[in-house]
Amino acid sequence: MSDPTIKGLPPPPVKYDGSNFRIAIVHARWNDAIIKALLEGTINKLKEQGVKEENIVVKSVPGSYELPFATKQLIEAGKVQSANAAPSMIASSTTNLLSLIDNNTSSQPSEPKPSSTSTGPLTTPFDAVISIGCLIKGSTMHFEYICDAVTHGLMRIQLDTGTPVVFGVLTALTDDQALERAGIGRGEKGKGHNHGEDWGLAAVELAAQNKDWTKGVL
């Protein structure tokens with residue numbers, strides 16, 4: 001029987017536009033069928049919010065315990081990539097300034113040059129990271145230790161880095177609970193709800209609000 005307490009996140013009070021956001025997703029590979037469903041739900045919802053497919057970066061790690069480390073490293077890698085891309089922008093600006101000088105000193109009119117616009121993927125720091133995993137209780141204390149470590153680890157990362165981290169880790173007591181929360185339940189009365197959709201919504205909302213807050217806009 002499907003769990004009636006499984007509910008989706010209601011729409012935010014404001015519709016946020018994710019077209020200029022760069023979102024990272026890092027997921028565990030343990031409990032693969034559940035993870036794949038959650039990942040699909042997350043990506044679909046991000047696209048619905050306007051996030052471009054080329055600006056969604058997906059990486060994987062073996063299990064949920066590795067999520068905090070991978071999440072932090074992805075955030076740092078995004079910042080490094082952004083910094084490395086900056087010199088090319090400076091060089092381009094310098095070239096444009098020199099061409100202006102050349103045009104002003106030339107006696108002959110020059111042909112207008114087409115402007116170059118980048119339509120490729122963003123290289124800016126990530127606006128949010130979604131960390132996806134699935135932990136199902138077994139017969140040992142392993143479940144409790146990993147849940148506690150991953151939860152505190154991901155919380156600390158977003159506070160330390162200032163980058164929103166969406167907690168996309170299912171902590172289920174049974175296989176059926178996890179399946180229903182990935183929207184692929186085997187119950188006769190429904191397959192449940194894919195929480196990946198909620199995480200996609202939350203990532204875009206947090207990214208948008210964080211951009212305002214960092215500018216002092218309340």
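At the start of α5, which residue has a side-chain oxygen that reaches to within 2.8 Å of the backbone nitrogen of Gly196? Keep that in mind as we walk through this predicted model; we will come to α5 after the sheet.

**Stop one: the sheet.** Select the strands and colour them one by one. You should find 4 of them in an open sheet, ordered β2-β1-β3-β4, with parallel pairing. Strands of a sheet pair through backbone hydrogen bonds, either parallel or antiparallel. At the edges sit β2 (56-61) and β4 (165-172), each with pairing on one side only. Now look at the twist: on average, neighbouring strands here are turned by 15° against each other, direction ignored.

**Stop two: β1 and β3.** Select residues 23-28 (β1) and 128-136 (β3), which pair in the parallel sense over 5 bridges. To see one of the partnerships, show Ala24 together with Val129 of β3, its bridge partner.

**Stop three: helix α1.** Add residues 32-48. This helix, α1, packs on the sheet and touches β1, β2, β3 and β4. Its direction makes about 155° with that of β3.

**Stop four: helix α5.** Next, select residues 195-214. Helix α5 lies across β3 and β4, and runs at about 160° to β4. Try a distance between its end C-alpha atoms: they are 28 Å apart, which agrees with the 28 Å that 20 residues should span at 1.5 Å a residue. Zoom in on the start of α5 for the answer to our opening question: the side-chain oxygen belongs to Asn194. After α5 comes Gly216, with a positive phi near 80°.

**Last stop: a ring.** Show Arg22 and Phe126. Arg22 lies over the face of Phe126, at 4.4 Å from the ring centre. As for aromatic pairs, the structure holds 0.

Notes
Residues numbered from 1 in each chain as written. Predicted model: local features only at pLDDT ≥ 70, side-chain atom pairs only at ≥ 80, totals over all residues. Heavy atoms only, no water. Pairing = 2+ DSSP bridges. Helix = DSSP H or I, 4+ residues; strand = E, 2+ residues; numbered from the N terminus. Axes fitted to C-alpha atoms, helices over the stretch in contact; angles between N-to-C directions. Contact = heavy atoms within 4.5 Å. Phe/Tyr/Trp six-rings, centres within 6.5 Å; stacked < 30°, edge-to-face > 60°. Lys NZ or Arg CZ within 6 Å of the ring centre and 35° of its normal. Expected span 1.5 Å × (residues − 1). Polar contact = N/O pair within 3.5 Å; in protein donor to acceptor, adjacent residues only side chain to side chain.
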